[in-house]
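This report describes one protein chain. The sequence and the coordinates are shown first.

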Amino acid sequence: MASLPLSSTVAISNISSLFRPHQPRLSPPPRRLTISCNGTNSAESQHGKVDRRNLLLGMGGLYGATNIILPGDALASPIPAPDLAKCTRGTNLNLRQPLDVDCCPPFSENAVDYKLPAATEIRVRPAAHLADKDFIAKYEKATELMKALPADDPRNFMQQANVHCAYCNLTYDQGGADPSNKLQIHFSWLFFPWHRWYLYFYERILAKLIDDPTFALPYWNWDNPKGMAMPSMFVKENSSLFNPRRNQAHLPLVNLPPLADLRFSKKSSTAPDKIVPSNLTEMYSEMVRSAVNLEDFYGAKYDLGAKPDPGAGTVERGSHTAIHAWVGDPNSPAGEDMGNFYSTGRDPLFFCHHANVDRMWSVWRDLRGSKPKEFSDPDWLDTSFLFYDENAQLVRVKVRDTVENLKMGYTFQKVEIPWLNKRPKARVRKSKVAAMSSAPKATDTSVFPVKLDKVVRVLVDRPKRKRSKNEKEKEEELLVIEGIEVDTSEFVRFEVFVNDEDDDPSDVIDLAEYAGGYSQVPHKNAGNVKSKIRVGLTELLEDLDVEDDDKILVSLVPRDGGEDITIGGVKIIYV
Ligand code: C2O
């Protein structure tokens, strides 16, 4: 790989060549050309209610939606920028006690609406494992300068770390009628856009400190075997990028550095020689197979009045969470730094990790062809956040400005995407597995809710069979796992397999039966929140050759903290 054009710019017209050709499965014709106004593209709305604004617009569009005031919160609306004056101390979500730090930012009354500067020069974020000495030196220098800023400067490193804590540890009011309903930007459709803004300003602050407008954050290329080890620039002890609070067994200090396990669990990790195929299968599942509809990739709708944790998207609950847990120090009280939301921003490696999460968003969009790449729902587009920019000015930003990284003035160094062609192979023909199984039906009232302290197997009816190609293009078949309740102060993980009867299906890492996983960085639920996930079945059932079967055998396999996971039900829907 040639060295990076760090001091030059990349012409925008060349950017499309940064990505490899589309994977055929995602090529047109599109499954959906239009998306519903609630933007979730979902028959199952998060709120189970009709969006009145859509009705009003349907009445000839006579009324400007924003001018209509209806009683209650029946008229959904976007979450406004938080009120800094109401920021309170957060909660240490693992230790269930008040935080020993105050993560509220310096107060300012003068927030201005942020305008994206014209992107004349495009910053190129390098893959960390390919970054050269000059780049590393600049990055170290910039981070050192950031750490040396006065403690109360909002651009100071610790202040920047606290930005993550403030938005994730329930310190801000959400902005609705109920002041006890706190803002949580994880586990929902705000995950990608919020983190994109967070990195955007962090990167601009670093660039300004070294007076280099081309400076761009490196990304940890964990979806590529060549980049799966922890990037070595972060483990030099005298470097500003160093952090002692990491899992010492995962440092790249040996000739054959350990590779990050994207299906990491603390109790049953993947065998070292299986990590690459396991990781590629995981990425294929998160980015292609289980990410057909917008909601499944981005996460579920979360608007004003909604409770936190409506449901995380595939990447957030998969590879993203795995890296947090894999890096965090198991010997520190709450998995600090990377393994816990309040502390994760204190590790410079966080930003390198999230630069790749951010890249996954761009790669996924590029794979969409003519399918919708983002929600058109104003409740998403107009959600606002506050950040301090590189001039220490408090700015109000919106989700709508995040959808295209090029408009934000940056792109990613081009690398291979080895998971693109990793559609898994079934081991054997899987027809009749379900027919022969003695597992109970998912509709048996005695089955759910069930604790996942062991593998749970159920038979799930498929309302539609023998779907035509056309029907499959129009509607994705999804397995919904709902009513998920977990001890949110713990790291938990479970996985979902279809028509697999092995005693431990989690041994099976690169096969068609793997439908997806659920894992989370510890956090706090507000009240009795139940989450759900959806995993894509259309392609999986093709691969298992069971499209004509009237039921499937679903295995829910706990990998970590199963005794703290309860599942409320399992069903199939078509969206
Ligand atoms: Cu905001 Cu990866 O966490």
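The sections below cover confidence, overall make-up, the annotated histidines, two further residues and one sheet.

## Basis and confidence

The model is predicted, so local features need pLDDT of at least 70 and side-chain atom pairs count only at pLDDT 80 or more, while totals for chains, interfaces and linings use all residues. Residues are numbered from 1 along each chain as its sequence is written, and side-chain values use heavy atoms, with hydrogens and water left out.

The predictor's confidence in each residue, pLDDT, runs from 0 to 100. Its mean over the chain is 84, and 81% of the residues reach 70 or more. Residues 1–74 have pLDDT below 50, and beyond near neighbours in sequence this stretch has 132 contacts in the model. A contact means heavy atoms within 4.5 Å. Where pLDDT is low, the predicted coordinates should not be read in detail.

## Overall make-up

The chain holds 12 helices and 16 strands. These are DSSP runs numbered from the N terminus: helices are H or I with at least four residues, strands E with at least two.

Of the 575 residues, 61% count as buried. Buried means under 20% relative accessible area, exposed over 50%, and partly exposed in between (1.4 Å probe, protein chains only). The exposed area of the chain is about 21900 Å², of which carbon and sulfur atoms supply 51%; accessible areas come from the Shrake-Rupley method with a 1.4 Å probe, and for residues only the protein chains shown count as cover. Among contacts between residues at least 6 apart in sequence, 79% join residues at least 24 apart.

## The annotated histidines

An unreviewed UniProt entry lists His164, His186 and His195 under "binding site". UniProt positions are given in the numbering used here, feature names are shortened, and annotations may be inferred rather than shown by experiment. The three residues are spread over 32 residues of sequence but cluster in space, with a largest C-alpha distance of 10.4 Å.

His164 lies in helix H3 (residues 157–168), and His186 in the loop between H3 and helix H4 (191–209). His164 is buried at 0% relative accessibility, and His186 is likewise buried at 0%. Their side chains are joined by a polar contact of 3.4 Å, that is, a pair of N or O atoms within 3.5 Å; within protein, one must be able to donate a hydrogen and the other to accept it, and residues adjacent in sequence count only if both atoms are side-chain atoms. Leaving aside neighbours within four places in sequence, the contacts of His164 include His195, Trp194 and Phe341, and those of His186 include His195, Glu316 and Phe341.

## Val327 and Pro257

Val327 belongs to helix H7 (residues 314–327) and is buried, with a relative accessible area of 0%. Beyond neighbours within four places in sequence, Val327 contacts Trp220, Met230, Arg246, Asn247, Met338, Asp347 and Leu349. Leu349 is 22 residues away along the chain, at a C-alpha separation of 9.0 Å.

Pro257 sits in the loop between H4 and helix H5 (275–289) and is partly exposed at 27%. With the same neighbours left aside, Pro257 contacts Ala229 and Pro252. The C-alpha atoms of Pro257 and Met230 are 8.0 Å apart, with these positions 27 residues apart in sequence numbering.

## A three-stranded sheet

An open sheet of 3 strands has the order S3-S6-S5 and mixed pairing. Two strands pair if DSSP finds at least two bridges between them. S3 (112–113) and S5 (384–388) are the edge strands; each has a single partner strand, so one side of each lacks a neighbour in the sheet.

S5 and S6 (residues 394–398) pair in the antiparallel sense over 5 bridges. Leu386 stands opposite Arg396 in S6.
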